[in-house]
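The following exercises are to be worked with the sequence and the coordinates at hand. Each task is followed by a solution in steps.

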Amino acid sequence: MEKDRPDAVIVQPSLPSKRAAELALKQRVPAVSVPRWFAEQGGLMSYSPRYADLFHKAAVYVDKILKGAHPADLPVEQPTHFELVINMKTAKALGLTIPESFVLRADEVIE
């Protein structure tokens with residue numbers, strides 16, 4: 001990051017969130033990722049489906065299968081509710097101004 005300084009980074013969700021957020025902040029590079037805990041652990045922001053909704057849908061599918069439904073007969077569903085979490089403490093530490101219109105769209109703003 002020091003040699004070829006990026007404007008921002010997208011962090012792979014399988015990486016350790018806290019460490020990735022710390023490294024990005026240390027290098028003063030805005031970082032975003034999928035899971036909400038990335039923003040909760042110091043990343044600039046996250047955008048993802050609501051995990052609780054996904055778990056609920058999975059439970060419904062398991063229930064149908066246990067009651068005899070064939071998995072191949074069940075429809076493929078995509079998430080319909082997403083959440084945006086913005087960490088304003090990180091934005092301030094990076095010297096970033098997040099547009100008010102964007103902040104208003106956030107599901108959660110960490111102050």
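The model is predicted.

**Exercise 1. A pair within one helix**

Task: Determine whether glutamate 22 is buried, partly exposed or exposed, and identify the partner with which glutamate 22 forms a salt bridge.

Solution.
Step 1. The relative accessible area of glutamate 22 is 37%. Because partly exposed residues fall between the limits of 20% and 50%, glutamate 22 is classed as partly exposed.
Step 2. The salt-bridge partner is arginine 19, and the closest N and O atoms are 3.9 Å apart. A salt bridge requires these atoms to lie within 4 Å, so the pair qualifies.
Step 3. Both residues belong to helix α1 (residues 17-26), where three residues, about one turn of the helix, separate them.
Step 4. Arginine 19 has a relative accessibility of 47% and is likewise partly exposed.

**Exercise 2. Salt bridges elsewhere in the chain**

Task: State how many salt bridges the structure holds, and describe the one between glutamate 83 and arginine 36.

Solution.
Step 1. Seven salt bridges are present in the structure. As a general principle, side chains of opposite charge can pair when their charged atoms come close.
Step 2. In the salt bridge of glutamate 83 with arginine 36, the closest N and O atoms are 3.0 Å apart. This pair connects distant parts of the chain, since glutamate 83 lies in strand β4 (residues 82-87) and arginine 36 in helix α2 (residues 36-40), 47 residues apart.
Step 3. Glutamate 83 has a relative accessible area of 12%, and is therefore buried, the limit for that class being under 20%.
Step 4. A further salt bridge joins the side chains of aspartate 63 and lysine 67, with an N to O distance of 3.2 Å. Aspartate 63 is partly exposed at 35% relative accessibility, whereas lysine 67 is exposed at 67%.
Step 5. Arg36, Glu40, Glu83 and Glu108 are joined into one network by salt bridges that share partners.

**Exercise 3. A cluster of rings**

Task: State how many aromatic pairs the structure holds, and explain why the pair of tyrosine 51 and phenylalanine 55 is classed as it is.

Solution.
Step 1. There are three aromatic pairs. One of them is formed by tryptophan 37 and tyrosine 51, with 5.4 Å from centre to centre and 35 degrees between the planes; this pair is tilted.
Step 2. Tryptophan 37 in helix α2 and tyrosine 51 in helix α3 are 14 residues apart, and their pair links distant parts of the chain.
Step 3. Tryptophan 37 is partly exposed, with 39% relative accessibility, and tyrosine 51 is partly exposed with 24%.
Step 4. For tyrosine 51 and phenylalanine 55, the ring centres lie 6.3 Å apart and the planes stand at 40 degrees, so the pair is tilted. Planes under 30 degrees apart would count as stacked, and those over 60 as edge-to-face.
Step 5. Tyrosine 51 and phenylalanine 55 are four residues apart in helix α3, and about one helical turn therefore separates them. Phenylalanine 55 is exposed, its relative accessible area being 59%.
Step 6. Through ring pairs, Trp37, Tyr51 and Phe55 form a cluster.

**Exercise 4. The largest pocket**

Task: Give the volume of the largest pocket and describe its lining by class.

Solution.
Step 1. The volume of the largest pocket is about 170 Å³.
Step 2. Its lining includes Pro49, Arg50, Asp53, Leu54 and Lys57, as well as Tyr61, Glu77 and His81.
Step 3. Helix α3 (residues 51-66) supplies the largest share of the lining, four residues.
Step 4. Sorted by class, the lining has four nonpolar, three polar and four charged residues.

**Exercise 5. Two single residues**

Task: Establish whether serine 33 is buried or exposed, and state what is notable about the phi of arginine 28.

Solution.
Step 1. Serine 33, in strand β2 (residues 31-33), has a relative accessible area of 6% and is buried.
Step 2. Apart from neighbours within four places in sequence, the contacts of serine 33 include Val11, Pro13, Phe38, Met45 and Tyr47.
Step 3. Arginine 28 is placed in the loop between α1 and β2, and is partly exposed at 47% relative accessibility.
Step 4. The phi of arginine 28 is near 60 degrees, a positive value in a residue other than glycine. Most residues other than glycine have a negative phi.

Definitions and conventions: Residues are numbered from 1 along each chain as its sequence is written. This is a predicted model: local features need pLDDT of at least 70, side-chain atom pairs count only at pLDDT 80 or more; totals for chains, interfaces and linings use all residues. Side-chain values use heavy atoms; hydrogens and water are left out. On a 1 Å grid over the protein atoms alone, a cavity is a set of points where a 1.4 Å probe fits but cannot get out, and a pocket is an open set with protein on both sides within 12 Å along at least five of seven lines; lining residues have an atom within 4 Å of a point. Grid points are joined across faces, edges and corners, and a volume is the space filled by probe spheres set on the points. Helices (H or I, at least four residues) and strands (E, at least two) are DSSP runs, numbered from the N terminus. Ala, Val, Leu, Ile, Met, Phe, Trp, Tyr, Cys and Pro count as nonpolar, Asp, Glu, Lys and Arg as charged, and the others, Gly among them, as polar. Buried means under 20% relative accessible area, exposed over 50%, partly exposed in between (1.4 Å probe, protein chains only). Rings of Phe, Tyr and Trp (its six-membered ring) pair if their centres lie within 6.5 Å; planes under 30 degrees apart count as stacked, over 60 as edge-to-face and the rest as tilted. Contact means heavy atoms within 4.5 Å.
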